[in-house]
Amino acid sequence: MPHVVTQACCGDASCVYACPVNCIHPTPEEPDFGIAEMLYIDPATCVDCGACVSACPVGAIVPGHRMPAGQERFVEVNATQYHDPADGAARFPVDPARRLPLAPIDRPRQLAVDTSISIGIVGSGPSAMYAADELLRQPQVSVTMYERLDRPFGLARFGVAPDHLHTRKVMELFDDIARNPRLEILLNTEVGRDLTLADLRDRHQGVIWAGGAPTDRQLALPGFDLPGVSSATSFVGWYNGHPDFADLYVDLDTERVVVVGNGNVALDVARILVADPRTLAATDISRPALAKLRSSSVREVVVMGRRGPAHAAFTLPELIGLVDSGVPVTVDAADLEALPAPADLDT
């Protein structure tokens, strides 16, 4: 049975270059690569060799006969991408001359000048870790990361929903990167408090700023600062145990909650608000947040967007995660036919 790309797909294309039969699309050479929600394996072309499994940095590819619980629908999601025979004719072959340096390599690429190079990176989230991984392929390079929190990995730790266990597995890859003896991660170290940008420039030949956005962009709407209104950054940080939001007051003594926006974070928030606390107890969710959710009065969550489902910002894997969680979902009947989902997706 062919292999299947599941919800954890990060779309970095390592699997594309590992595949000997060009069955994983879109490739970086194809025009829809930059806007694709995830990559897909063509079940009719896959020879079940498993090369993509070892190439995938987040463990998103599994044999079709060994699908993890809750990911079974992705067998159909992958196959649906290739229902139209014309699709195959439009697929671009992988051009070996244009291959990106994303797949695993046997030896580091050499720099032209054999001197030691020190690079400083502000932050330790996904962008910082991927940058460090690429830099450390050069044997002359050493990297120092400056992380203001007491734990590394940024959004991978504090931004991914706690029940998305497969997505959180990317931290195992980051652990491997962090074991490199030429990488040092300085925790509880904040630029602007413990050292200046000038200090970084004196210490290193190059500095990469990967600290992310520390605050939200506030809605220009009356009432955004009223009690009971929280930003996505603060609410997600609260249930993920982010130290900046550990003391956030969250009022769940109401039966209805409105989420403004219809992206992936909106669906995460909606699912967490109505999820069974017994299920969440097996995750890394903040224990104070779990206690609050256990006593929650919320029975309905309204996800509100400016446009219909055809223009929604959430991705198909996120929608499937919500629907398959067992939470009843309803959509405005006038827009049902526009949902970007497989034909039998129950809503």
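Select Arg271 to begin: this residue is buried, with a relative accessible area of 2% (buried means under 20% relative accessible area, exposed over 50%, and partly exposed in between, with a 1.4 Å probe and protein chains only). The model is predicted, so local features need pLDDT of at least 70 and side-chain atom pairs count only at pLDDT 80 or more, while totals for chains, interfaces and linings use all residues. Residues are numbered from 1 along each chain as its sequence is written, and side-chain values use heavy atoms, with hydrogens and water left out.

**Stop 1: helix α11**

Extend the selection to residues 264-274, which form helix α11. Helices (H or I, at least four residues) and strands (E, at least two) are DSSP runs, numbered from the N terminus. Of the 11 residues in α11, 8 are buried, so the helix is largely enclosed by the rest of the structure. The buried ones are Ala266, Leu267, Asp268, Val269, Ala270, Arg271, Ile272 and Leu273.

Now show what surrounds them. The buried residues of α11 pack against the helices α10 (232-239), α12 (277-280), α13 (287-294) and α14 (316-323), and against the strands β9 (256-260) and β10 (300-304). Contact here means heavy atoms within 4.5 Å.

**Stop 2: the salt bridges of Arg271**

Side chains of opposite charge can pair when their charged atoms come close. A salt bridge is counted when a side-chain nitrogen of Lys or Arg lies within 4 Å of a carboxyl oxygen of Asp or Glu. Under this rule the model has 13 salt bridges.

Display the side chains of Asp163 and Arg271, which form a salt bridge at 2.7 Å, N to O. This pair links distant parts of the chain, 108 residues apart: Asp163 is in the loop between α6 (154-158) and α7 (165-168), and Arg271 is in helix α11. Between their C-alpha atoms the separation is 9.6 Å.

Next add Asp268, whose salt bridge with Arg271 has its closest N and O atoms 3.1 Å apart. Asp268 and Arg271 are 3 residues apart in helix α11, so about one helical turn separates them. Asp268 is buried, at 7% relative accessible area. To see the wider network of salt bridges, select Asp163, Asp268, Arg271 and Glu318 together.

**Stop 3: around Asp163**

Is Asp163 buried or partly exposed? Its relative accessible area of 23% makes Asp163 partly exposed. Leaving aside neighbours within four places in sequence, Asp163 is in contact with Arg271, Ile272, Leu280 and Thr283.

**Stop 4: Asp284 and Arg168**

Move to Asp284 and Arg168, another salt bridge, with the closest N and O atoms 3.9 Å apart. This pair also links distant parts of the chain: Asp284 is in the loop between α12 and α13, Arg168 is in helix α7, and the two positions lie 116 residues apart in sequence numbering. Asp284 is exposed, with a relative accessible area of 56%, whereas Arg168 counts as buried at 7% relative accessibility.

**Stop 5: α11 against α14**

Two packed helices are described by the angle between their axes and the distance between the axes. Show α11 and α14, which pack at about 10 degrees with their axes 10 Å apart. The axes are lines fitted to C-alpha atoms, for helices over the stretch in contact, and angles run from 0 to 180 degrees between N-to-C directions. The two helices are therefore roughly parallel to each other (under 35 degrees; over 145 counts as roughly antiparallel, 65 to 115 as roughly perpendicular, and the rest as oblique).

Which residues of α11 and α14 meet? On the α11 side they are Asn264, Leu267, Asp268 and Arg271, and on the α14 side Glu318, Leu319, Gly321 and Leu322. By class, this contact has 3 nonpolar, 2 polar and 3 charged residues. Ala, Val, Leu, Ile, Met, Phe, Trp, Tyr, Cys and Pro count as nonpolar, Asp, Glu, Lys and Arg as charged, and the others, Gly among them, as polar.

**Stop 6: Ile320**

Stay in helix α14 and select Ile320. Ile320 is buried, with a relative accessible area of 0%. Not counting residues up to four places away in sequence, Ile320 touches Arg73, Phe74 and Val77. The C-alpha atoms of Ile320 and Gln71 are 8.9 Å apart, although 249 residues separate them along the chain.
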